[in-house]
Amino acid sequence: MTELLPTKASYRPDEPIAIEVRGTAPKGTVRVWHLHELVAELAYAGAGAIALPALPPGSYAVELEGLRTAIEVAADPRRRLRYGFVASYAPDKDVAGISDTVRRLHLTGVQFYDWAYRHADLMGGGDTYRDALDQPIALSTVQSLVATVRSAGARALGYAAVYAVGPKEWDAWKHQALLKAGGEPYALGDFLFIVDPAAPDWLAHFADDLRKSIDALGFDGFHLDQYGYPKRAIRADGVDVDVAASFVTMIGAVRAALPEAHLVFNNVNDFPTGLTARTQQDAVYIEPWAPQLTLQALADTVVRARAAGQGKPVVLAAYQHVYDSAPAAESDRATALTMAMLFSHGATQLLAGEADRLLCDPYYVRNHVMEDSTRALLKRWYDFLVVHDELLMPASLCEVTHSYAGQYNDDLDVSFADAEISVVAEAGAVWRRIVRGGDRLIVHLINLCGQTDTLWDAPRHASTSPGAATLRFKRLLGRTPRVWAADPDGVGRLEPVVVADEGDLASAVLPSLAIWQVVVVDL
């Protein structure tokens, strides 16, 4: 297969930018686009890598004779979190595949899941060992993976459970146990027991273990995990513990101990996002479970997370279990709708990692090998995500659907010949949202026609066509309005749409809607 692969998932402004041509590509012209503007053209002789000119911070589409990729130039590497994973560390592991995944999907962070010897003794296993669930681990492989991820332009984050203690270490920590009403400790099955994450002696041990891990393995930071329970408990010494408050204390202590580390805390089922999102960590990360089962429920979660996070990236660990029970085509459609909802609301998804693997289970070792169709889908959509970053991700974007659309407002709306419009995710309709970013109005159209429900983790029918679409909006006196549209399954970048003046209004016939379309109106 021939494809374009950037040498890094994200470039700093002073780094040279180069594109690997994987396979054989013909001679032609390389074009670099910033949104709808062509910013560079150069000849490609048909051999070797493509060296691009220096580019200011921003996101760009790169095209060569039908081949596409995206590049990001960012001064602050923590401004976005496009998250991936690794979950195997055998002594003979080939680490090259994760580099391709990081570069192909422009991942900026990789979670190193279950790399440690034990949950309460991260580095105690020596150079090689079996982890708590009997998986083989070689620290030399962990180090190689860390180096590979970093050289590909991403950050390596080691997994660490913030309050979990295994049976072997339990006697040393049961004095900090969180207890049920009957007096037995809270636990994850019979495998791990839970302590107060803010207990001073535990925190000192935990922070020291994290520091030793950075020193030995080179991690850039940590993925701090919990299990979503308990929310309140009595500690073994009789103290009433508000676990949400303990999490806040824990994050603050880890930040103080590791001031440069990249920290991501897991808000399991949105608990306790409202508190932890404001702490000194680097993203708002949520693992959704029931009752967050619909596209609208996830959208509402993202809106809350963006408000609470005050500019931090928002990531949902929305595991697509559907791949374990449905054909790839039906599962890919579910993933596309999930991505459309997340990306259009300014969030990303922890989904892909290893060498072409997908998460379909909370135990990441049980991952799913991608079909070719899934691999191609993710490449198109992650390219689209990066290329249109400034229309999707900035914290300054503000939803204005309810103040612009509808008969009372009549400022801007879209109509379809064969489908209804909805302001929420509604089966059988087109979900329409309008976002303002500076002098732009950004219209998101998500096609739910042909669906019988809006579950995000269920097999999806092929979307049916909503028919011809017309955009109408109020003109400004003496202004010639401009409109562009983009589709991740089409050209993949903004293309101009012809606008007709109708007195006080302007109208435009939009391209056919497949799954998700982004329409930009320049005010």
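## A tour from the whole chain to strand 28

Among contacts in this protein between residues at least 6 apart in sequence, 68% join residues at least 24 apart, and the model in which these contacts are counted is a predicted one.

Start with everything selected and the C-alpha trace displayed: along the principal axes, the C-alpha atoms fill a box of roughly 80 × 55 × 40 Å. The radius of gyration is 24 Å, which agrees with the value near 24 Å that a compact globule of 523 residues would have. Switch next to a cartoon, where 12 helices and 37 strands can be picked out. If you then add a surface, about 20100 Å² is exposed, with carbon and sulfur atoms supplying 52% of that area, while 58% of the 523 residues count as buried.

Now select residues 412-416, which form strand 28. Which residues lie on its covered face, and which on its uncovered one? Leu412, Val414 and Phe416 make up the covered face, whereas Asp413 and Ser415 belong to the uncovered face. In a regular strand, side chains alternate between the two faces of the sheet.

Extend the selection to residues 469-474, strand 32, which pairs with strand 28 in the antiparallel sense over five bridges. Within this pairing, Val414 stands opposite Leu471 of strand 32.

Finish with two cysteines, Cys360 and Cys449. Cys360 counts as buried because its relative accessibility is 3%, under the 20% cut-off, and Cys449, at 5% relative accessibility, also counts as buried. How many disulfides does a search of the whole structure find? The search finds zero.

Technical notes:
Residues numbered from 1 in each chain as written. Predicted model: local features only at pLDDT ≥ 70, side-chain atom pairs only at ≥ 80, totals over all residues. Heavy atoms only, no water. Buried < 20%, exposed > 50% of the residue type's maximum accessible area, 1.4 Å probe, protein only. Helix = DSSP H or I, 4+ residues; strand = E, 2+ residues; numbered from the N terminus. Pairing = 2+ DSSP bridges. Disulfide = S-S within 2.5 Å. Rg over C-alpha atoms; globule rule 2.2 N^0.38 Å. Contact = heavy atoms within 4.5 Å. Areas by Shrake-Rupley, 256 points an atom, 1.4 Å probe, with all protein chains shown as cover.
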